[in-house]
Amino acid sequence: MTQNNLHVLLFTLQKELFGISVMNVIRVTNIEKLIRIPKAPAFIAGAINFEGNVIPVVDLASKIELGTSTASPGTKVIILEVEHDDDSLEVGIIIDEVLDVAQVEAAALLPPPLDNMGFNTSALTGMHKIEDDFYMILSAVKIFEKELASLVQ
């Protein structure tokens with residue numbers, strides 16, 4: 001893979017089409033049991049046991065202000081590793097369905113057409129057209145910018 005190309009995992013969330021770099025993806029799994037975390041921020045759905053580690057699970061729809069997702073057994077979660085400087089954060093994000101993996105040319109990414117598209121677009125790297133559909137490509141670092149900043153403090 002050259003630096004001009006990006007491989008993205010394509011998925012749906014709240015009937016919208018998204019993608020995220022596979023460089024951040026550890027695994028896609030189903031929620032078996034979600035552990036509730038008292039007094040966690042509203043976008044934290046809970047935590048899961050992933051290979052012996054407790055991983056926080058984020059309601060991605062809530063985090064990017066697109067609505068809320070319901071987590072139940074069988075709900076899909078993308079486990080991400082988000083790196084920032086010398087620190088990294090492992091976190092799960094709730095999605096609706098995995099669609100595919102696609103190769104995207106970085107130069108072919110289009111800016112979002114509006115600053116306000118009905119949700120928080122600050123997490124977008126850009127948009128990419130595949131056939132007749134536009135996918136919103138998310139940046140894992142941008143999604144968790146505030147959480148990563150708190151790791152550094």
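How many bridges join β1 to strand β8, and which way do the two run? There are 8 bridges, and the strands run antiparallel. That is my way in today. One caution before I go on: this is a predicted model.

Let me step back to the whole chain. It has 153 residues. It holds 3 helices and 10 strands. Read from the N terminus, the order is β-β-β-β-β-α-β-β-β-β-β-α-α. Buried residues are 41% of the chain. The accessible surface is about 8,700 Å², and carbon and sulfur atoms hold 48% of that. Now the contacts with a separation of 6 or more. Of these, 57% link residues 24 or more positions apart.

Back to β1. This strand covers residues 5–13. It is mostly covered, with 7 of its 9 residues buried. Its partner β8 spans residues 97–105. For one bridge pair between them, take V8, whose partner in β8 is A102.

β1 also pairs with β2. Here 6 bridges join the two, again antiparallel. L9 has I20 in β2 as its bridge partner. V8 stands opposite S21 in β2. The two strands make a hairpin, with 2 residues between them. Look at Q14 in that turn: its phi is positive, about 55°.

Now put those strands in their sheet. The sheet is open and has 5 strands, in the order β8-β1-β2-β10-β9. The pairing is mixed. β8 and β9, residues 124–130, are the edge strands, each pairing on one side only. Direction ignored, neighbouring strands in this sheet are turned by 35° against each other on average.

A general reminder on sheets. Strands pair through backbone hydrogen bonds, and they can do so parallel or antiparallel.

Next, one residue in detail: S21. It is found in strand β2, which runs over residues 16–21. Is S21 buried or exposed? It counts as buried, because its relative accessibility is 11% and the cut-off is under 20%. Beyond four places in sequence, S21 touches L6, H7, V8 and L138. Its side chain also reaches the backbone nitrogen of M23, at 3.1 Å.

Go a little further along to N24. Where is N24 placed? The answer is the loop between β2 and β3. N24 is a loop residue, yet it is buried, at 16% relative accessible area. Which residues is N24 in contact with, leaving aside neighbours within four places in sequence? They are I79, L80, E81, V82 and A140.

That loop leads us to the other sheet. This one is also open, with 5 strands in the order β3-β6-β7-β5-β4. Its pairing is mixed. The edge strands are β3, residues 25–30, and β4, residues 44–50. Each of them pairs on one side only. The twist averages 30° from one strand to the next.

Take the β4 edge. β4 is joined to β5, residues 53–58, by 6 bridges. The two run antiparallel. As a sample pair, I48 has I55 as its bridge partner in β5.

So, to recap. There are two sheets to keep in view: β8-β1-β2-β10-β9 and β3-β6-β7-β5-β4. The loop with N24 comes between β2 and β3. β2 belongs to one sheet, and β3 is an edge strand of the other. On screen, start from S21 in β2, cross to V8 opposite, then step to A102 in β8. That is the route I would trace. Thank you.

Technical notes. Residues are numbered from 1 along each chain as its sequence is written. This is a predicted model: local features need pLDDT of at least 70, side-chain atom pairs count only at pLDDT 80 or more; totals for chains, interfaces and linings use all residues. Side-chain values use heavy atoms; hydrogens and water are left out. Helices (H or I, at least four residues) and strands (E, at least two) are DSSP runs, numbered from the N terminus. Buried means under 20% relative accessible area, exposed over 50%, partly exposed in between (1.4 Å probe, protein chains only). A polar contact is a pair of N or O atoms within 3.5 Å; within protein, one must be able to donate a hydrogen and the other to accept it, and residues adjacent in sequence count only if both atoms are side-chain atoms. Contact means heavy atoms within 4.5 Å. Two strands pair if DSSP finds at least two bridges between them. Axes are lines fitted to C-alpha atoms, for helices over the stretch in contact, and angles run from 0 to 180 degrees between N-to-C directions. Accessible areas come from the Shrake-Rupley method with a 1.4 Å probe; for residues, only the protein chains shown count as cover.
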